[in-house]
Amino acid sequence: MPRGVGAGRAVEDALREAVRSGRLAAGTRLPGSRTLAADLGLARGTVVGAYTQLVAEGWLTGSPGSGTRVAHVSAPEPCDAGHHAKSAPTERRWRADLRPGRPDFTSFPHRAWTTSVRRVLSRIGAGDLDYGDFEGTATLRASVAAHAARTRGARVTPDAVVITAGFTHGLAVLARTLHGLGVRHAATEDPGLARHRELLTAAGLACEPLRVDEFGADPADLTPQTGAALLTPAHQHPSGVVLSPARRGEFVAWAARCDGFLIEDDYDGEFRYDGRPVGALQALDPERIVLAGSVSKSLAPGLRLGWLVVPPTLRAPVTAAMRENGGGVSVIEQLTLADLVARGDYDRHVRRVRTVYRRRRAELADRVGAITGLRLVGAAAGLHALLPLPSAEHERRLIAAGAYAGLRLHGLHSSDYHHPPDPSAPAALVLGYATPAPHAWGQALDLLGEVLEAEEWRTGARDTRP
């Protein structure tokens with residue numbers, strides 16, 4: 001089947017299911033064929049063909065000058081007949097999504113990736129398809145080493161790199177490695193991602209909280225039992241602060257003094273909008289700091305591609321843990337990413353989406369400031385920003401109002417960021433401005449504006465530029 005036909009049918013199936021399920025409501029205007037084709041990385045004719053077919057089937061309506069809209073079709077009733085008609089939408093019915101930690105999936109460089117896949121397949125040898133090294137292919141390890149040194153200032157050689165199936169896989173391997181070396185306590189940022197604590201706990205490590213303030217994680221919370229600390233120094237999640245120079249030095253000194261290890265989660269470290277990204281902490285002590293990165297925020301988490309830059313004393317234990325864990329990443333994907341980097345397409349993609357995300361953050365700050373008089377907090381970096389709120393009740397009310405309007409919102413207080421849970425913790429919306437597709441960003445911003453305008457704000461208006 002020609003590629004265009006398969007892609008066209010995939011577009012038809014996705015749109016047909018969206019209309020059938022009610023995710024696309026009757027009367028909704030669809031993006032123009034040129035816009036949608038660009039978002040999906042397809043030829044315009046493929047999208048035009050899909051639209052034409054669905055108009056013929058009655059799912060869509062279209063006429064010259066009025067665009068293409070969703071037709072009025074019968075939608076299935078909810079399974080629960082007693083469910084109130086005005087309840088919050090299910091996951092399939094969100095009109096817009098502002099959850100943090102996700103890039104714009106439609107920005108994925110389909111054509112560049114496809115070109116790299118073809119190049120890899122055209123020159124791959126039979127031996128390359130055998131079981132590979134648990135550390136990853138030599139080609140990608142060299143590529144990651146050069147990229148991390150050039151863009152993050154890391155001190156790294158190819159033999160220090162281990163390729164993983166994303167950051168969480170790498171953290172699980174590290175946790176198992178550290179436990180095998182006798183570490184029993186690991187410090188994690190508070191607030192921080194619960195998933196990371198779960199992985200450390202599953203490996204037998206007790207998690208100790210490191211309070212986060214405007215200077216980042218506080219090394220004063222390290223205890224005599226702490227053997228490792230997990231940090232996001234470039235852009236802390238979720239607070240968005242950057243670890244201060246003084247505290248960077250304190251953590252590095254602690255690791256050297258106490259024979260401990262630092263795990264540097266280089267969370268969206270490539271996305272800084274008001275200056276150059278902060279260099280990797282790893283460069284201060286490659287003997288004690290593991291630099292962990294991935295393409296989850298720059299490309300897509302579904303690729304399951306990440307890496308660890310491992311100190312010499314951990315290389316053999318980490319490799320052993322990879323082998324025992326049965327871990328490994330597809331050779332094709334590894335070589336494809338290496339080719340994408342070598343041809344410069346990865347850097348071009350990062351520069352392009354960085355420009356888009358910078359503009360979105362500024363638009364978000366302007367809209368929020370005009371309505372609430374509040375300023376977004378956190379460094380102008382990454383894929384999310386924090387909107388502080390007066391109370392936890394205020395946060396819950398906004399999230400509920402967003403759900404009612406079809407806008408998916410995420411709260412700081414109502415999520416499991418804190419350990420242990422803290423009823424007095426600050427409230428805020430954690431706004432993921434990278435998540436919506438280009439054609440959906442305006443609607444997401446408008447929906448957020450409507451939700452915020454329905455609230456009472458008693459603060460005076462201030463400059464909202466980050």
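Let's start with threonine 46, which is buried, with a relative accessible area of 14%. The cut-off for that word is under 20%. This is a predicted model, so take what follows as a tour of a prediction. Threonine 46 belongs to helix α3, residues 44-57. Pick alanine 338 as a second landmark: 292 residues separate it from threonine 46 in sequence, and the two C-alpha atoms are 30 Å apart in space.

**A strand and its partner**

Now hop over to strand β5, which spans residues 185-190 and holds threonine 188. Is threonine 188 buried or exposed? Its relative accessibility is 3%, so threonine 188 counts as buried. The strand around it tells a similar story: β5 has five of its six residues buried, so the rest of the structure largely encloses it.

What does β5 pair with? Its partner is strand β6, residues 206-213, and the two run in the parallel sense over six bridges. Across from threonine 188 in β6 stands proline 209. Proline 209 also turns up among the contacts of threonine 188 once neighbours within four places in sequence are set aside, along with Arg197, Leu200, Cys207, Glu208, Leu210, Leu230 and His419.

**The nonpolar cores**

In soluble globular proteins, nonpolar side chains tend to be buried together. Here, the largest nonpolar core has 62 residues, and Leu299, Leu337, Leu364, Leu387 and Leu448 have the most contacts inside it. Helix α11, residues 345-372, gives the most to this core, with eight residues. Take leucine 364: leaving out neighbours within four places in sequence, its contacts are Leu376, Leu431, Tyr433, Trp441, Leu445 and Leu448. Another core lies apart from the largest one and has 24 residues, including Leu205, Ala228, Phe261 and Leu308.

**The second largest pocket**

Finally, there's a pocket to look at. The second largest one has a volume of about 930 Å³. Its lining is made of 40 residues, and those nearest its centre are Gly101, Leu193, His196, Tyr267 and Lys297. The elements giving two or more residues to that lining are α5 (138-152), α6 (167-180), α7 (194-202) and β10 (289-294). And here is how the lining of this pocket divides up:

| Kind of lining residue | Count |
|---|---|
| Nonpolar | 15 residues |
| Polar | 13 residues |
| Charged | 12 residues |

Methods:
Residues numbered from 1 in each chain as written. Predicted model: local features only at pLDDT ≥ 70, side-chain atom pairs only at ≥ 80, totals over all residues. Heavy atoms only, no water. Helix = DSSP H or I, 4+ residues; strand = E, 2+ residues; numbered from the N terminus. Buried < 20%, exposed > 50% of the residue type's maximum accessible area, 1.4 Å probe, protein only. Contact = heavy atoms within 4.5 Å. Core = buried A, V, L, I, M, F, W, Y, C linked by side-chain atoms within 4.5 Å. 1 Å grid on protein atoms, 1.4 Å probe; cavity = no way out; pocket = protein on both sides within 12 Å on 5 of 7 lines; lining within 4 Å. Points joined across faces, edges and corners; volume = space filled by probe spheres on them. Nonpolar A, V, L, I, M, F, W, Y, C, P; charged D, E, K, R; others polar. Pairing = 2+ DSSP bridges.
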